[in-house]
Amino acid sequence: HVVGAPQGELGRGTALAFAAYGIWGLFPLYFDALKPASAWEILAHRILWTLLFCVLLIVATRDVDWIRPVLRRPRLLAGITVAALLIAANWVIYVAVVTAGHTSEAALGYFLNPLVTVALGVLVLGERLRVLQWIAVAIGLGAGVYLAVASGRVPYAALALAMSFGLYSLTKKKVGGSLQAVHGLTLETVILAPAAVVILLVVSSRTGLEFGDHGALHTWLLVGSGVATAVPLLFFAAAARRIPLVSIGLIQFITPLMQLLVAVLLLDELMSRERWIGFGIVWVALAVLSVDSVLALRRGRRAAAAIPTDDYPR
(Lines give C-alpha, C1' and ligand atoms only; values in the text may rest on other atoms or scores of the structure.)
Protein backbone atom coordinates (compact mmCIF):
# COMPACT_ATOMS: atom_id res chain seq x y z
CA HIS A 1 0.00 0.00 0.00
CA VAL A 2 3.01 2.29 0.50
CA VAL A 3 4.16 2.18 -3.14
CA GLY A 4 0.89 3.63 -4.33
CA ALA A 5 0.57 6.18 -1.55
CA PRO A 6 -0.34 9.76 -2.52
CA GLN A 7 2.57 12.15 -2.95
CA GLY A 8 1.42 14.18 0.07
CA GLU A 9 1.48 11.08 2.27
CA LEU A 10 4.97 10.19 1.02
CA GLY A 11 6.14 13.71 1.84
CA ARG A 12 4.67 13.60 5.34
CA GLY A 13 6.12 10.14 5.91
CA THR A 14 9.58 11.26 4.82
CA ALA A 15 9.40 14.33 7.09
CA LEU A 16 8.31 12.18 10.04
CA ALA A 17 11.14 9.71 9.42
CA PHE A 18 13.72 12.51 9.30
CA ALA A 19 12.23 13.94 12.50
CA ALA A 20 12.41 10.59 14.31
CA TYR A 21 15.97 9.78 13.31
CA GLY A 22 17.04 13.40 13.84
CA ILE A 23 15.78 13.32 17.43
CA TRP A 24 17.57 10.02 18.04
CA GLY A 25 20.72 11.55 16.54
CA LEU A 26 20.66 14.30 19.19
CA PHE A 27 20.21 11.85 22.08
CA PRO A 28 23.91 12.01 23.07
CA LEU A 29 23.53 15.71 23.91
CA TYR A 30 20.36 15.02 25.88
CA PHE A 31 21.78 12.21 27.97
CA ASP A 32 25.10 13.98 28.47
CA ALA A 33 23.08 16.83 30.02
CA LEU A 34 21.59 14.37 32.54
CA LYS A 35 24.94 13.81 34.27
CA PRO A 36 25.77 13.25 37.11
CA ALA A 37 22.72 10.95 37.25
CA SER A 38 23.85 7.36 36.73
CA ALA A 39 22.82 5.22 33.77
CA TRP A 40 20.58 3.16 36.08
CA GLU A 41 18.80 6.18 37.51
CA ILE A 42 18.29 7.60 34.02
CA LEU A 43 16.93 4.23 32.86
CA ALA A 44 14.40 4.16 35.70
CA HIS A 45 13.24 7.71 35.02
CA ARG A 46 13.01 6.99 31.32
CA ILE A 47 10.77 3.97 31.94
CA LEU A 48 8.45 5.64 34.45
CA TRP A 49 8.01 8.95 32.64
CA THR A 50 7.50 7.17 29.31
CA LEU A 51 4.79 5.07 30.94
CA LEU A 52 3.09 8.19 32.32
CA PHE A 53 3.24 9.87 28.90
CA CYS A 54 1.74 6.81 27.18
CA VAL A 55 -1.04 6.49 29.79
CA LEU A 56 -1.95 10.16 29.43
CA LEU A 57 -2.00 9.79 25.64
CA ILE A 58 -4.25 6.73 25.82
CA VAL A 59 -6.61 8.39 28.30
CA ALA A 60 -6.76 11.60 26.24
CA THR A 61 -7.65 9.66 23.06
CA ARG A 62 -9.85 7.12 24.90
CA ASP A 63 -7.89 4.42 23.13
CA VAL A 64 -8.58 1.54 25.52
CA ASP A 65 -10.38 -1.07 23.38
CA TRP A 66 -7.13 -2.91 22.64
CA ILE A 67 -6.25 -3.64 26.29
CA ARG A 68 -8.64 -6.51 27.07
CA PRO A 69 -7.91 -8.54 23.90
CA VAL A 70 -4.16 -8.23 24.53
CA LEU A 71 -4.51 -9.49 28.12
CA ARG A 72 -6.11 -12.65 26.72
CA ARG A 73 -3.01 -13.48 24.64
CA PRO A 74 -0.35 -14.86 27.02
CA ARG A 75 2.04 -15.68 24.19
CA LEU A 76 1.94 -12.08 23.00
CA LEU A 77 2.50 -10.81 26.55
CA ALA A 78 5.47 -13.16 26.95
CA GLY A 79 6.98 -11.84 23.73
CA ILE A 80 6.41 -8.24 24.78
CA THR A 81 8.13 -9.03 28.08
CA VAL A 82 11.20 -10.28 26.22
CA ALA A 83 11.11 -7.18 24.02
CA ALA A 84 10.84 -4.96 27.11
CA LEU A 85 13.91 -6.55 28.69
CA LEU A 86 15.90 -6.18 25.47
CA ILE A 87 15.03 -2.51 24.97
CA ALA A 88 15.79 -1.80 28.64
CA ALA A 89 19.21 -3.40 28.19
CA ASN A 90 19.75 -1.30 25.07
CA TRP A 91 18.76 1.89 26.89
CA VAL A 92 21.01 1.35 29.90
CA ILE A 93 24.02 0.37 27.75
CA TYR A 94 23.51 3.39 25.52
CA VAL A 95 23.20 5.86 28.39
CA ALA A 96 26.19 4.31 30.19
CA VAL A 97 28.34 4.60 27.06
CA VAL A 98 27.30 8.20 26.34
CA THR A 99 27.67 9.46 29.91
CA ALA A 100 31.09 7.77 30.09
CA GLY A 101 32.25 9.86 27.14
CA HIS A 102 32.22 7.14 24.45
CA THR A 103 29.47 8.38 22.14
CA SER A 104 31.46 7.36 19.07
CA GLU A 105 31.24 3.74 20.22
CA ALA A 106 27.47 4.11 20.53
CA ALA A 107 27.40 5.47 16.98
CA LEU A 108 29.41 2.46 15.81
CA GLY A 109 26.81 0.19 17.42
CA TYR A 110 24.01 1.76 15.42
CA PHE A 111 26.04 1.70 12.22
CA LEU A 112 26.48 -2.05 12.80
CA ASN A 113 22.79 -2.58 13.60
CA PRO A 114 21.55 -3.03 9.99
CA LEU A 115 24.23 -5.68 9.41
CA VAL A 116 23.29 -7.46 12.65
CA THR A 117 19.63 -7.35 11.61
CA VAL A 118 20.45 -8.99 8.28
CA ALA A 119 22.54 -11.66 10.05
CA LEU A 120 19.70 -12.40 12.50
CA GLY A 121 17.34 -12.80 9.57
CA VAL A 122 19.58 -15.58 8.25
CA LEU A 123 20.37 -17.29 11.54
CA VAL A 124 16.96 -17.06 13.22
CA LEU A 125 14.37 -16.65 10.48
CA GLY A 126 16.16 -18.78 7.87
CA GLU A 127 16.08 -16.00 5.29
CA ARG A 128 18.30 -16.27 2.23
CA LEU A 129 20.70 -13.46 1.45
CA ARG A 130 21.34 -11.98 -1.94
CA VAL A 131 24.93 -11.69 -3.16
CA LEU A 132 25.34 -8.03 -2.22
CA GLN A 133 23.90 -8.72 1.24
CA TRP A 134 26.49 -11.46 1.80
CA ILE A 135 29.21 -9.05 0.69
CA ALA A 136 27.93 -6.34 3.07
CA VAL A 137 27.82 -8.75 6.03
CA ALA A 138 31.34 -9.99 5.24
CA ILE A 139 32.68 -6.43 5.05
CA GLY A 140 30.93 -5.56 8.33
CA LEU A 141 32.46 -8.61 10.01
CA GLY A 142 35.84 -7.55 8.66
CA ALA A 143 35.33 -4.10 10.19
CA GLY A 144 34.60 -5.63 13.59
CA VAL A 145 37.73 -7.80 13.41
CA TYR A 146 39.86 -4.84 12.31
CA LEU A 147 38.61 -2.63 15.15
CA ALA A 148 39.25 -5.39 17.68
CA VAL A 149 42.80 -5.99 16.42
CA ALA A 150 43.70 -2.32 15.89
CA SER A 151 42.44 -1.14 19.29
CA GLY A 152 43.54 -4.24 21.17
CA ARG A 153 40.03 -4.90 22.44
CA VAL A 154 36.68 -6.06 21.13
CA PRO A 155 34.16 -3.15 20.82
CA TYR A 156 31.82 -4.84 23.30
CA ALA A 157 29.58 -1.83 23.90
CA ALA A 158 28.98 -1.25 20.18
CA LEU A 159 28.27 -4.95 19.63
CA ALA A 160 25.96 -5.06 22.67
CA LEU A 161 23.99 -2.08 21.37
CA ALA A 162 23.69 -3.56 17.89
CA MET A 163 22.73 -7.01 19.20
CA SER A 164 20.22 -5.80 21.80
CA PHE A 165 18.38 -3.57 19.34
CA GLY A 166 18.57 -6.19 16.59
CA LEU A 167 17.07 -8.82 18.90
CA TYR A 168 14.46 -6.29 20.07
CA SER A 169 13.43 -5.64 16.46
CA LEU A 170 13.33 -9.37 15.78
CA THR A 171 11.15 -10.02 18.84
CA LYS A 172 8.77 -7.22 17.89
CA LYS A 173 8.53 -8.61 14.38
CA LYS A 174 7.73 -12.09 15.70
CA VAL A 175 5.12 -11.22 18.35
CA GLY A 176 4.33 -7.55 18.37
CA GLY A 177 3.55 -6.64 14.78
CA SER A 178 -0.17 -6.43 15.49
CA LEU A 179 0.29 -3.72 18.12
CA GLN A 180 0.45 -0.03 17.37
CA ALA A 181 3.60 1.74 18.53
CA VAL A 182 2.00 3.48 21.52
CA HIS A 183 0.30 0.23 22.61
CA GLY A 184 3.52 -1.75 22.47
CA LEU A 185 5.51 0.95 24.27
CA THR A 186 2.82 1.18 26.96
CA LEU A 187 2.95 -2.56 27.60
CA GLU A 188 6.73 -2.61 27.64
CA THR A 189 6.95 0.21 30.17
CA VAL A 190 4.17 -1.33 32.31
CA ILE A 191 6.22 -4.53 32.46
CA LEU A 192 9.42 -2.63 33.30
CA ALA A 193 7.85 -0.20 35.81
CA PRO A 194 8.26 -2.44 38.92
CA ALA A 195 11.93 -2.95 38.07
CA ALA A 196 12.33 0.81 37.58
CA VAL A 197 10.93 1.46 41.06
CA VAL A 198 13.32 -1.12 42.54
CA ILE A 199 16.24 0.49 40.68
CA LEU A 200 15.39 3.91 42.13
CA LEU A 201 15.18 2.43 45.64
CA VAL A 202 18.53 0.67 45.27
CA VAL A 203 20.28 3.74 43.83
CA SER A 204 18.75 5.92 46.55
CA SER A 205 20.01 3.62 49.32
CA ARG A 206 23.52 3.26 47.88
CA THR A 207 24.56 6.57 46.36
CA GLY A 208 21.48 8.77 46.58
CA LEU A 209 19.32 10.04 43.74
CA GLU A 210 20.36 13.02 41.64
CA PHE A 211 16.74 13.91 40.83
CA GLY A 212 15.95 17.41 42.09
CA ASP A 213 19.52 18.13 43.28
CA HIS A 214 20.87 19.99 40.24
CA GLY A 215 18.40 22.72 39.45
CA ALA A 216 15.07 22.91 37.68
CA LEU A 217 16.49 22.32 34.19
CA HIS A 218 18.16 19.04 35.15
CA THR A 219 14.99 17.87 36.91
CA TRP A 220 12.77 18.69 33.95
CA LEU A 221 15.19 17.01 31.56
CA LEU A 222 14.83 13.80 33.59
CA VAL A 223 11.05 14.17 33.52
CA GLY A 224 11.16 14.94 29.81
CA SER A 225 13.03 11.72 29.05
CA GLY A 226 9.61 10.07 28.75
CA VAL A 227 8.50 12.44 26.00
CA ALA A 228 11.93 12.21 24.36
CA THR A 229 11.57 8.42 24.28
CA ALA A 230 7.98 8.20 23.08
CA VAL A 231 7.76 10.98 20.48
CA PRO A 232 10.38 9.70 17.98
CA LEU A 233 8.95 6.18 18.27
CA LEU A 234 5.50 7.50 17.37
CA PHE A 235 6.98 9.55 14.51
CA PHE A 236 8.76 6.44 13.26
CA ALA A 237 5.59 4.33 13.40
CA ALA A 238 3.67 6.98 11.45
CA ALA A 239 6.46 7.23 8.87
CA ALA A 240 6.67 3.45 8.39
CA ARG A 241 3.02 3.39 7.33
CA ARG A 242 3.60 6.02 4.64
CA ILE A 243 6.95 5.37 2.94
CA PRO A 244 8.75 2.25 1.63
CA LEU A 245 10.88 0.19 4.01
CA VAL A 246 13.92 0.85 1.81
CA SER A 247 13.50 4.58 2.41
CA ILE A 248 13.28 3.96 6.16
CA GLY A 249 16.44 1.84 5.95
CA LEU A 250 18.40 4.56 4.17
CA ILE A 251 17.17 7.41 6.37
CA GLN A 252 18.13 5.49 9.53
CA PHE A 253 21.82 6.10 8.84
CA ILE A 254 21.24 9.74 9.82
CA THR A 255 21.13 8.75 13.50
CA PRO A 256 24.60 7.21 13.94
CA LEU A 257 26.10 9.82 11.61
CA MET A 258 24.66 12.62 13.77
CA GLN A 259 25.83 10.81 16.91
CA LEU A 260 29.35 10.59 15.51
CA LEU A 261 29.36 14.30 14.59
CA VAL A 262 28.02 15.21 18.04
CA ALA A 263 30.73 13.11 19.67
CA VAL A 264 33.58 14.67 17.71
CA LEU A 265 32.38 18.28 17.24
CA LEU A 266 30.35 18.99 20.38
CA LEU A 267 31.45 16.52 23.06
CA ASP A 268 35.16 16.75 22.14
CA GLU A 269 35.72 13.00 21.93
CA LEU A 270 38.99 11.93 20.35
CA MET A 271 38.83 9.55 17.39
CA SER A 272 41.96 7.57 16.65
CA ARG A 273 43.04 6.89 13.08
CA GLU A 274 42.24 3.22 13.59
CA ARG A 275 38.69 4.06 14.69
CA TRP A 276 38.17 6.26 11.60
CA ILE A 277 39.40 3.45 9.35
CA GLY A 278 37.06 1.02 11.09
CA PHE A 279 34.13 3.39 10.59
CA GLY A 280 35.11 3.73 6.94
CA ILE A 281 34.96 -0.04 6.45
CA VAL A 282 31.52 -0.13 8.08
CA TRP A 283 30.34 2.67 5.78
CA VAL A 284 31.45 0.64 2.76
CA ALA A 285 29.36 -2.27 4.03
CA LEU A 286 26.35 0.02 4.54
CA ALA A 287 26.77 1.47 1.05
CA VAL A 288 26.70 -2.06 -0.42
CA LEU A 289 23.62 -2.89 1.67
CA SER A 290 21.90 0.33 0.53
CA VAL A 291 22.61 -0.38 -3.14
CA ASP A 292 21.16 -3.87 -2.72
CA SER A 293 18.01 -2.45 -1.09
CA VAL A 294 17.46 0.07 -3.88
CA LEU A 295 18.00 -2.58 -6.58
CA ALA A 296 15.60 -4.96 -4.82
CA LEU A 297 12.94 -2.22 -4.65
CA ARG A 298 13.31 -1.48 -8.36
CA ARG A 299 13.04 -5.20 -9.24
CA GLY A 300 9.92 -5.44 -7.11
CA ARG A 301 8.33 -2.47 -8.85
CA ARG A 302 9.14 -3.84 -12.31
CA ALA A 303 7.70 -7.23 -11.35
CA ALA A 304 4.54 -5.59 -10.00
CA ALA A 305 4.16 -3.50 -13.17
CA ALA A 306 4.48 -6.62 -15.33
CA ILE A 307 1.52 -8.36 -13.64
CA PRO A 308 -1.72 -7.82 -15.60
CA THR A 309 -4.30 -6.00 -13.50
CA ASP A 310 -7.29 -6.76 -15.71
CA ASP A 311 -7.45 -10.04 -17.63
CA TYR A 312 -11.13 -9.78 -18.44
CA PRO A 313 -12.54 -8.36 -21.68
CA ARG A 314 -14.55 -5.19 -21.34
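Q: Let's start with a proline: in which helix does P69 lie?
A: Look for P69 in helix α4, which runs over residues 67-71. Keep in mind that this is a predicted model.

Q: And how do I read its accessibility: is P69 buried, partly exposed or exposed?
A: The general idea is a pair of cut-offs: under 20% relative accessible area is buried, over 50% is exposed, and partly exposed sits in between. P69 has a relative accessible area of 40%, so it counts as partly exposed. Try another one: L217, found in helix α10 (residues 215-240), comes out at 64% and therefore counts as exposed.

Q: Sequence separation and spatial separation are two separate readings, right? How far is P69 from L257 in space?
A: Take both readings from the C-alpha atoms. P69 and L257 are 188 residues apart along the chain, and their C-alpha atoms are separated by 41 Å. Now put L217 and G25 beside that pair: they are 192 residues apart in sequence, with 21 Å between their C-alpha atoms.

Q: L257 makes me think of the surface. Which residues form the nonpolar patch?
A: The patch is made of L26, L29, L257, L261, L265, L266, W276 and W283, and together they have about 740 Å² of accessible area. To read a patch, ask which elements feed it. Here α12 and α13 each supply at least two residues, and the largest share, 4 residues, comes from α12.

Q: Where does L26 sit?
A: L26 is in the loop between α1 (7-25) and α2 (27-32). With 43% relative accessibility, L26 counts as partly exposed.

Q: On to charges. How many salt bridges does a search of the whole structure find?
A: The general idea first: side chains of opposite charge can pair when their charged atoms come close. In this model the search gives 2 salt bridges. In one of them, the side chains of K35 and D32 meet at 2.9 Å, N to O. K35 is partly exposed at 38%, and D32 is partly exposed too, at 22%.

Q: Which residue does D292 meet in a salt bridge, and what does the pair tie together?
A: D292 meets R130, at 2.7 Å, N to O. D292 lies in helix α13 and R130 in the loop between α6 (103-123) and α7 (131-151), so the pair ties together parts that are 162 residues apart in sequence. Check the accessibility of each partner: D292 is buried at 3%, while R130 is partly exposed at 34%.

Q: What about an acidic residue in a loop: is E269 buried or exposed?
A: E269 lies in the loop between α12 (254-266) and α13 (273-306). Its relative accessible area is 11%, so it counts as buried.

Q: Which backbone atoms lie close to polar atoms of the E269 side chain?
A: There are two to look up. The side chain of E269 reaches the backbone nitrogen of T103 at 2.6 Å. The backbone nitrogen of S104 lies 3.1 Å from a polar atom of that side chain. Setting aside neighbours within four places in sequence, the contacts of E269 are G101, H102, T103, S104, A263 and V264.

Q: Last one: which residues does the "domain: EamA" annotation cover?
A: The annotation comes from an unreviewed UniProt entry and covers residues 13-143. Then read the model over that range: the chain is 82% helix and 0% strand, and the end C-alpha atoms are 33 Å apart.

Methods
Residues numbered from 1 in each chain as written. Predicted model: local features only at pLDDT ≥ 70, side-chain atom pairs only at ≥ 80, totals over all residues. Heavy atoms only, no water. Buried < 20%, exposed > 50% of the residue type's maximum accessible area, 1.4 Å probe, protein only. Polar contact = N/O pair within 3.5 Å; in protein donor to acceptor, adjacent residues only side chain to side chain. Contact = heavy atoms within 4.5 Å. Salt bridge = Lys/Arg side-chain N within 4 Å of Asp/Glu carboxyl O. UniProt positions renumbered as here; feature names shortened; annotations may be inferred. Patch = residues over 30% accessible without salt bridge, like charges linked within 9 Å, V, L, I, M, F, W, Y side chains within 5 Å. Areas by Shrake-Rupley, 256 points an atom, 1.4 Å probe, with all protein chains shown as cover.
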